[in-house]
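Open the model in your viewer and keep the sequence panel at hand. We will go from the whole chain to single residues, one selection at a time.

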Amino acid sequence: MQQTRQQKIARLLQKELGDIFLSVAKQHQGTLISVSEVRVSPDLSIAHAYLSIFPDNRAQEMLTIVEDNIKTIRFELGNRVRHQLRIIPELRFHHDKTIDYLENIDNLLNQ
């Protein structure tokens with residue numbers, strides 16, 4: 001269970017990363033990237049961000065692009081939250097597959 005400070009920082013990072021990925025998605029027309037969840041480690045040094053990418057067939061390609069630009073994304077995040085956080089956590093991105101899971105359950109229930 002995350003503590004209150006971890007939750008506040010996770011919400012802040014989720015909001016700011018969402019804004020950053022909005023500009024990344026503009027560069028790659030036809031792709032939508034949203035940050036569905038951010039989990040911060042107890043020592044606030046690592047942030048795991050779960051990305052929901054639409055369309056799903058471009059998910060691996062977009063995740064590779066994000067991983068290649070992780071330093072730029074962290075720098076931009078640092079500029080945005082420099083007054084709230086002293087140390088910017090290391091970012092780790094994961095593909096969020098909960099929408100696919102929910103769609104699969106819905107298809108099974110409809111059969």
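**First stop: helix H2**

Select H2 and look at the side facing away from its buried residues: Gln-60 and Asp-68 are exposed there. H2 itself runs from residue 59 to residue 68. Now turn the helix around and pick out its buried residues, which are Ala-59, Met-62, Leu-63 and Val-66. Looking down the axis of H2, you will find these buried residues within an arc of 100 degrees, so they line one face of the helix. What do the buried residues of H2 pack against? Show H1, E1, E2, H3 and E3, and you have the partners.

**Zoom out: the whole chain**

Please keep in mind that this is a predicted model. Colour by secondary structure, and four helices and three strands appear. Follow them from the N terminus and the order reads α-β-β-α-α-β-α. Along its principal axes, the C-alpha trace spans about 50 × 35 × 20 Å.

Switch on the surface next. Its accessible area is about 7600 Å², and carbon and sulfur atoms account for 52% of that. Of the 111 residues in the protein, 35% are buried. If you draw a contact map, take the contacts with a separation of 6 or more: 60% of them join residues 24 or more positions apart.

**Into the nonpolar core**

Hide the surface and go inside. In soluble globular proteins, nonpolar side chains tend to be buried together. Here the largest nonpolar core has 27 residues, and those with the most contacts inside it are Leu-17, Phe-21, Val-38, Leu-51 and Phe-93. Which elements each supply at least two residues of this core? Select helix H1 (4-27), strands E1 (32-40) and E2 (46-54), helices H2 (59-68) and H3 (70-81), and strand E3 (90-95). H1 gives the largest share, with eight residues.

Centre the view on Phe-93. Leaving aside residues up to four places away in sequence, Phe-93 touches Leu-17, Phe-21, Ala-49, Leu-51, Leu-63, Val-66, Glu-67, Ile-70 and Ile-73. Two of the residues you met on H2, Leu-63 and Val-66, are in that list.

**Two stops on the strands**

Go to Val-35 in strand E1. Is Val-35 buried or exposed? At 10% relative accessibility, Val-35 counts as buried. Beyond four places in sequence, its contacts are Gln-14, Leu-17, Gly-18, Phe-21, Tyr-50 and Leu-51. Try a distance label to Ala-25, ten residues away along the chain: the C-alpha atoms are separated by 12 Å.

Next, select Ser-52 in strand E2. Ser-52 is buried too, with a relative accessible area of 13%. Again leaving out residues up to four places away, Ser-52 touches Leu-32, Ile-33, Ser-34, Asp-96 and Ile-99.

**Last stop: Arg-80**

Finish in helix H3, where you will find Arg-80. This residue is partly exposed, at 32% relative accessible area. Show side chains, and you can trace a polar contact of 3.1 Å between those of Arg-80 and Glu-76. Which residues farther than four places along the sequence does Arg-80 touch? They are Glu-16, Asp-19 and Ile-20. For a final label, pick the C-alpha atoms of Arg-80 and Ile-20: these residues are 60 apart in sequence and 9.7 Å apart in space.

Terms used
Residues are numbered from 1 along each chain as its sequence is written. This is a predicted model: local features need pLDDT of at least 70, side-chain atom pairs count only at pLDDT 80 or more; totals for chains, interfaces and linings use all residues. Side-chain values use heavy atoms; hydrogens and water are left out. A nonpolar core is a set of buried Ala, Val, Leu, Ile, Met, Phe, Trp, Tyr and Cys residues joined through side-chain atoms within 4.5 Å. Buried means under 20% relative accessible area, exposed over 50%, partly exposed in between (1.4 Å probe, protein chains only). Contact means heavy atoms within 4.5 Å. The arc is that of the directions from the helix axis to the C-beta atoms. A polar contact is a pair of N or O atoms within 3.5 Å; within protein, one must be able to donate a hydrogen and the other to accept it, and residues adjacent in sequence count only if both atoms are side-chain atoms. Accessible areas come from the Shrake-Rupley method with a 1.4 Å probe; for residues, only the protein chains shown count as cover.
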